[in-house]
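Subject: Structure handover

Hello,

Here is the structure for you to load. Please open it next to this email and follow along.

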Amino acid sequence: MPSFDIVTICPAMVTQALEAGVLGRAIANGTIRVTVRDLRDFTADRHRVVDDVPYGGGPGMVLKPEPLFRALDAIEAERSGPKTVILTSPQGRPFTQAAAERLSRIEHVVVLCGRYEGVDERVRTRVTEELSIGDYVLTGGELPALVVVDAVARLVPGVVGDEASIEGESFNRGLLDFPHYTRPAVVDGLSVPDVLLSGNHAEIRRWRKRQALARTLERRPDLLERAALDEEERIILQELQHDRLRGMWNGRMEGDHERD
Ligand code: 4HQ
């Protein structure tokens, strides 16, 4: 069974989040195991101190190395085999769906949650990968750890009810998702696209492909460089790019006209 250890100075924050929703159910029924470890349990002083001032001066505090080393010693003593130790930090490599897929095939993953200005640099000797969930600064690594565990756990068979929803989903082939609609067919004067009510499944599949490609081209063109497109999608993309260029050209001509 896939299992995670999360090491944090704020276990309540992590535990609470893991009790709810899809992950809560997966943990309750034993599909995955998550152990939340309080970093303060691995301190040796009366006041359970986990942080200290930075050598060289400067603002903020740094997570002390010994509690993290002792926590990793305790986790590693409980099991054999290769160790995957993740540190969440803005300095890490971007956490992507591809990384989630790779981690979902690993038996046991440890996630260290940073805090304050960060962790003592020497802790990185025990870290196998440093991951960032995005280019912004949070108050701690707890939310990133939960993001990583959530994205990895939902790929574990049995965690998400409908396996097909994982297989067919947007990032699977590196494209954004197509638009979704449900009943009613009209709400506040807004209709569902006719094609989705047509019952023509070949048409519907093509429409969804086109929508997914158009959205990706519009919002995340960077994704298209690595997307795994089939023949039909390559043709649709060419049409869309052609339409787009034509739109720009026409826009320019209109502009010329207004300036006359
Ligand atoms: N933090 N992706 C600062 C993040 C972060 C991110 C975690 C805040 C580490 C020291 N982690 N601590 N973005 O902002 O992963």
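Below are my notes, starting with the ligand and moving on to the backbone and one helix.

First, a caution: this is a predicted model.

**Ligand site**

The shell around the ligand has 17 residues. Ser 89, Ile 133, Gly 134, Tyr 136 and Leu 138 come nearest. By type, the shell divides into eight nonpolar residues, eight polar and one charged.

Which backbone atoms sit opposite the polar atoms of the ligand? Three pairs are worth loading:

- Gly 134: a polar backbone atom is 3.1 Å from a nitrogen atom of the ligand.
- Tyr 136: a polar backbone atom is 3.0 Å from a nitrogen atom of the ligand.
- Leu 138: a polar backbone atom is 2.9 Å from an oxygen atom of the ligand.

How much of the ligand does the protein cover? On its own, the ligand has 360 Å² of accessible area, and the protein covers 96% of that.

Two elements give two or more residues to the shell: strand E5 (84–94) and strand E7 (129–132). E5 gives the most, with three residues.

**Ser 132**

Ser 132 is in strand E7. Is it buried or exposed? Ser 132 has 5% relative accessibility, so it counts as buried; the cut-off is under 20%. Beyond its neighbours within four places in sequence, Ser 132 is in contact with Ser 89, Pro 90, Gly 92, Arg 93, Pro 94 and Phe 95. Ser 89 also belongs to the residues that come nearest to the ligand.

**Backbone points to check**

Most residues other than glycine have a negative phi, and most peptide bonds are trans. The following residues depart from that pattern.

Arg 183 and Pro 184 are joined by a cis peptide bond, with omega at about 5 degrees. Pro 184 lies in the loop between helix H6 (163–167) and strand E8 (186–187).

Tyr 116 is not a glycine, yet it has a positive phi of about 55 degrees. Look for Tyr 116 in the loop between strand E6 (108–113) and E7. Tyr 116 counts as partly exposed because its relative accessibility is 36%, between the 20% and 50% cut-offs.

Asp 188 also has a positive phi, about 50 degrees, and is not a glycine either. Its place is in the loop between E8 and strand E9 (190–191). With 76% relative accessibility, over the 50% cut-off, Asp 188 counts as exposed.

**Helix H7**

H7 covers residues 201–219, which is 19 residues. From first C-alpha to last, H7 reaches 27 Å. That is close to the 27 Å expected at 1.5 Å a residue.

Which residues of H7 are buried? They are Ile 204, Trp 207, Lys 209, Ala 212, Leu 213, Thr 216 and Leu 217. An α-helix has 3.6 residues a turn, so residues three or four places apart point the same way. Keep that in mind when you view the list down the helix axis.

**Pro 82**

Pro 82 is found in the loop between helix H3 (65–77) and E5. At 81% relative accessibility, over the 50% cut-off, Pro 82 counts as exposed. Its C-alpha is 9.9 Å from that of Val 109, and the two residues are 27 apart in sequence.

That is the set. Send me your questions once you have been through it.

Best wishes

How values were computed: Residues numbered from 1 in each chain as written. Predicted model: local features only at pLDDT ≥ 70, side-chain atom pairs only at ≥ 80, totals over all residues. Heavy atoms only, no water. Near = heavy atom within 4 Å. Polar contact = N/O pair within 3.5 Å; in protein donor to acceptor, adjacent residues only side chain to side chain. Areas by Shrake-Rupley, 256 points an atom, 1.4 Å probe, with all protein chains shown as cover. Helix = DSSP H or I, 4+ residues; strand = E, 2+ residues; numbered from the N terminus. Nonpolar A, V, L, I, M, F, W, Y, C, P; charged D, E, K, R; others polar. Buried < 20%, exposed > 50% of the residue type's maximum accessible area, 1.4 Å probe, protein only. Contact = heavy atoms within 4.5 Å. Expected span 1.5 Å × (residues − 1).
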